[in-house]
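Colleague: Could you take me through one part of this model up close, and then show me what goes on around it?

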Amino acid sequence: MDSPAGIIDTALAALGGALGAGTGKDSGPGTPVDPLRLLTIVDLTARRVLEEAAASTAGSPVRAAALARVAEGLFRTGSYGQLLAAGACEAAEVHTLTEAPLAQTNAALEDPVGFATGAVGLPADAVTGPDRKPLHRDTAEFLKNQLHLSYFQAAHRVCTHSRLMEHPGPDGTTRPPAFPNLGRQLVGGSSDPKSLANAAAKLAALEPVLEAQPDPDAARAALEEQVARAVHTADEAAVGKFLKQAAVDLGHTSIQRQEAARARFEGLRYRGLRPAGHLWELTTDAEGHEFLCTLADDLNNPRTASGAPTAPESASPPTLRGDSELPGTVGAAEAIEPVEDALPIPEWAANPDTPAGQRPREGFNDVGKPLPCANPYGLPENDLYPGETRDEANARRRAQRLSTALFEALRAWMDPAAADPGMPLNSRIELLVMIDYAALTGALETAGFTSHGQYISAASARRMACNAGITPVVVGGESQPLDLGRRKRFFTKGQKRAIAARDRGCANPGCSMPVHRTEVHHIKPFSEGGKTNVSSGLLLCIRCHTAFHAGHFSIRVVDGIPLVVLPKSRDPLQRPRRNWVFHPEAAAA
């Protein structure tokens, strides 16, 4: 009775008695209480006891410290449960669950007390047949949609379970964890599950280096044992530093094999839109790295042809100043005089509200001539952003020069006919303008977006319109036939542009596929009398298009706008809605 196991057994028996063991809706006399019901009441009980324990501290530092330790233990237990649940979902192939039992399960768990007492039961299992598309792609997508996680979080849980716990293999046999030492710490509760999961992910990332060792199994086991000790005694930052150093040490013995393993990761990848701009990630080998470093050094060296300032021959050479000026700049007294014979820009190219004396002069009649600049680097004196140090400013300019050189080389490669270095290259941008003509000409300031679904300001649209191919979106009128009735089977290019301007991307709520990765779907099939009109089509990516035909959601047209009705498992109220990814105002509706 006094042993931990005895106390736990007594507590469970008491909980079972409180729930009425054998008297629930889905239980018979003498039947033990369903562990899921017990777990539900334990969750409700833990919340109440936690609140009472927090109130009982009453300013006592000792009791507050004890509460922090106990609460941390509950958090670790919950994290352990998340990994167990992810593994159970993977083993049971939960993504094949059909719509009806999933919706009934969610409805039953909306009443945790009723479920715990047995008043509400779970439905019978029903899975998608082998000839039908399942409701979810995999376990990670199921967890993402049902638990409101990101796909990365959901996939991380599934991968962590296979790395730290026993799991079934594709052939049905039980496979051991990839990192048993870390797994034992997870089961024992001696370390934070989050730290263990991150350490396991970093160890998995070192597989190419470990496989390149003379004895991969011994190297893997030794490193895992060291990481297990570090996780138990140090914080996550220290563990990360240790693994970085371990990767460097291991890399010294396997450079050649490591380079071969890295080859599959080389390339240029788009990582998304960040607050600072569009992020592209370039992964290259040592040769490419050296080439870029050499190019950057050449561009930033004023003594080379690439890094030489574009100033008149009479300009003074760069000189070093005091602390008040950037290295390599010249003072205001040595600034270069503007070109005297420059003419004003044409009337049609100037803002009519700008006085003639304030209009720019250079740029239209000085092609091939060096532009005047305040210093040899073409930058204003002390060109620093607020809070920016000189080292940060130099690093920023270095990155900008390298980026400019790369884009110039790419434009020249894509358009070799424009070989005259004194003239701009022909642009390959196709700008899908979703703004009024008044906005394009400057009378209004409304936003537009490109054919790849990226929002741009009216000012950017006007700037890009100088070189880009403009595609106006005409919603009606004689200039663009938008409604063709049943005269044609496929949507025309003009109709697709109009639909793209309306939907802005895949219409399925939550999907982030942009316009250029979608298809135009006939809401009513053409074979059943559907018309090829703008109001009869909407954008769906290939995967969502397949899901629609599998019956996973429906489409309803309201006031000429096609809206999506999500399944009951995701929206019990079955409200028609637009995709809030491209229409943020729909998220609050």
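Colleague: At the start of α6, which residue has a side-chain oxygen that reaches to within 3.4 Å of the backbone nitrogen of Ala140?

Modeller: That's Asp138: one of its side-chain oxygens comes to within 3.4 Å of the Ala140 backbone nitrogen, right where α6 begins. Before going on, a word on the ground rules: this is a predicted model, with local features needing pLDDT of at least 70 and side-chain atom pairs counting only at pLDDT 80 or more, while totals for chains, interfaces and linings use all residues. Residues are numbered from 1 along each chain as its sequence is written, and side-chain values use heavy atoms, with hydrogens and water left out.

Helix α6 spans residues 139-147 and is mostly covered, with 7 of its 9 residues buried. (Helices are DSSP runs of H or I with at least four residues, strands are runs of E with at least two, and both are numbered from the N terminus. Buried means under 20% relative accessible area, exposed means over 50%, and partly exposed is in between, using a 1.4 Å probe and protein chains only.) The buried residues are Thr139, Ala140, Glu141, Phe142, Leu143, Asn145 and Gln146. So Ala140, whose backbone nitrogen Asp138 reaches, is itself one of the buried residues of α6. The cover over these residues includes α3, α4 (99-109), α7 (151-164) and α19 (542-549), where contact means heavy atoms within 4.5 Å. After α6 comes His148, with a positive phi near 60°.

Positive phi turns up elsewhere too. Ala58 has one of about 50° although it is not a glycine. This residue sits in the loop between α2 (35-56) and α3 (61-91), and it counts as exposed because its relative accessibility is 70%. Gln574, also not a glycine, has a positive phi of about 55°. You'll find Gln574 in the segment after β12, partly exposed at 28% relative accessible area.

Now for some helix packing. In general, two packed helices are described by the angle between their axes and the distance between the axes. (Axes are lines fitted to C-alpha atoms, for helices over the stretch in contact, and the angles run from 0 to 180 degrees between N-to-C directions.) The axes of α8 (residues 180-188) and α9 come within 10 Å and cross at roughly 170°. That makes α8 roughly antiparallel to α9: angles over 145 degrees count as roughly antiparallel, under 35 as roughly parallel, 65 to 115 as roughly perpendicular, and the rest as oblique. The crossing of α8 past α9 is left-handed, meaning the near helix is turned anticlockwise from the far one by less than a right angle; clockwise would be right-handed. On the α8 side, Leu182, Gln185 and Leu186 meet Pro193, Leu196, Ala199, Ala200 and Leu203 of α9. By class that contact has 7 nonpolar residues, 1 polar and no charged. (Ala, Val, Leu, Ile, Met, Phe, Trp, Tyr, Cys and Pro count as nonpolar, Asp, Glu, Lys and Arg as charged, and the others, Gly among them, as polar.)

Gln185 of α8 deserves a stop. With a relative accessible area of 13%, this residue is buried, and its side chain makes a polar contact with the Ser191 side chain at 2.8 Å. (A polar contact is a pair of N or O atoms within 3.5 Å; within protein, one must be able to donate a hydrogen and the other to accept it, and residues adjacent in sequence count only if both atoms are side-chain atoms.) Setting aside neighbours within four places in sequence, Gln185 is in contact with Ser190, Ser191, Leu196, Ala228, Arg229, Val231 and His232.

α9 (residues 193-205) also packs against α11 (residues 216-233), at an angle of about 155° and with the axes 11 Å apart. That makes α9 roughly antiparallel to α11, and here the crossing is right-handed. Ser195, Leu196, Ala199 and Leu203 of α9 make the contact with Leu223, Glu224, Val227 and Val231 of α11. The tally is 6 nonpolar, 1 polar and 1 charged. Val231 thus ties the two pictures together: it belongs to the contact of α11 with α9 and is among the residues that Gln185 touches.
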